[in-house]
Amino acid sequence: MSEQQIITPEVPENSQQKQEAKRKKEYEANRKALDELCLLYPEVFDGAKPKPLQLGIHEAIATAGKLSKTRIRRAFTLYVRMRSYVAALTENAERITLGGAVPGKVSTEEASHALEKLTEIDRKRALKRPAAGKSKGPRKNARKPTPSGDRSQKTANTKSVIEPSAVAKPVEQADSGERMQNKLAALVNKRSN
């Protein structure tokens with residue numbers, strides 16, 4: 001009789017890894033639910049440019065019966081916490097219903113609460129980012145001066161290097177499509193050198 005090996009999936013060893021795996025799994029489920037909601041109601045739910053929603057819109061979606069209450073809750077968990085949605089909650093911004101009607105506007109209190117949340121989101125993001133200005137050493141693709149000191153002269157066996165500053169624009173100026181193109185160009189340039 002031959003022995004059969006039982007293959008078990010890798011289980012994270014410590015509780016921090018378990019929590020991170022659980023968060024990732026929940027995020028994936030929330031993301032799928034939000035994608036479904038965006039497909040069902042594209043005029044209302046737009047991840048790129050969200051609009052303030054009617055208060056209680058989740059009940060109208062549940063009444064329509066196209067998504068379960070759990071899927072709706074998962075989608076809203078992600079959607080209303082997006083920075084762009086919170087930023088859209090400015091005073092007197094028009095709220096939108098499933099039919100596209102405008103039942104009301106964002107109140108002053110709601111806008112001030114959104115501003116507090118926005119500040120908190122930005123603060124948390126800043127803590128996660130590495131400190132700007134800290135250098136990890138010389139850049140990998142930095143240009144070196146030619147023996148004569150003139151950077152404009154190139155010999156036949158040297159490769160052209162595009163400076164990252166020439167490719168990448170500041171995040172405020174570039175939209176996501178431009179940023180992606182810049183990243184791709186930098187990656188292609190890096191691999192060709």
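**Legends to close-up views of a predicted helical chain**

**Figure 1. Contacts across the chain in the predicted model.** Among contacts in the chain between residues at least 6 apart in sequence, 60% join residues at least 24 apart. The model shown is a predicted one. Its secondary structure comes to seven helices and zero strands, so that the pattern read along the sequence is α-α-α-α-α-α-α. Of the 193 residues of the chain, 20% count as buried.

**Figure 2. The buried residues of helix α3.** The view is centred on α3, which spans residues 69-79. Within α3, the residues I72, A75, F76, L78 and Y79 are buried. These residues lie on the same side of α3, because they cover an arc of only 160 degrees around the axis. An α-helix has 3.6 residues a turn, so residues three or four places apart point the same way. The cover over the buried residues of α3 includes α1, α2 (57-64) and α4.

**Figure 3. The largest pocket and its lining.** The largest pocket holds about 620 Å³ of space. Its lining consists of 17 residues, and those nearest the centre of the pocket are Y27, L78, R81, M82 and K128. Which helices each supply at least two residues of this lining? They are α1 (15-40), α3 (69-79) and α5 (108-128). Sorted by class, the lining has eleven charged residues, four nonpolar residues and two polar residues. L78 appears in this view as well as in Figure 2: L78 is one of the buried residues of α3, and L78 is also among the lining residues nearest the centre of the pocket.

**Figure 4. T97 in a loop between two helices.** T97 is found in the loop between α4 (83-88) and α5. Is T97 buried or exposed? T97 is buried, because its relative accessible area is 11% and a residue counts as buried under 20%. Leaving aside residues up to four places away in sequence, T97 touches V44, Q54, I57 and P103. One of these partners, I57, stands at the start of α2 (57-64).

**Figure 5. Confidence along the chain.** The average pLDDT of the chain is 75, and 67% of the residues score at least 70. Where does pLDDT stay under 50? It does so over residues 145-174. For residues 145-174, the model has 29 contacts beyond four places in sequence.

Conventions. Residues are numbered from 1 along each chain as its sequence is written. This is a predicted model: local features need pLDDT of at least 70, side-chain atom pairs count only at pLDDT 80 or more; totals for chains, interfaces and linings use all residues. Side-chain values use heavy atoms; hydrogens and water are left out. On a 1 Å grid over the protein atoms alone, a cavity is a set of points where a 1.4 Å probe fits but cannot get out, and a pocket is an open set with protein on both sides within 12 Å along at least five of seven lines; lining residues have an atom within 4 Å of a point. Grid points are joined across faces, edges and corners, and a volume is the space filled by probe spheres set on the points. Helices (H or I, at least four residues) and strands (E, at least two) are DSSP runs, numbered from the N terminus. Ala, Val, Leu, Ile, Met, Phe, Trp, Tyr, Cys and Pro count as nonpolar, Asp, Glu, Lys and Arg as charged, and the others, Gly among them, as polar. pLDDT is the predictor's confidence in each residue, from 0 to 100. Contact means heavy atoms within 4.5 Å. Buried means under 20% relative accessible area, exposed over 50%, partly exposed in between (1.4 Å probe, protein chains only). The arc is that of the directions from the helix axis to the C-beta atoms.
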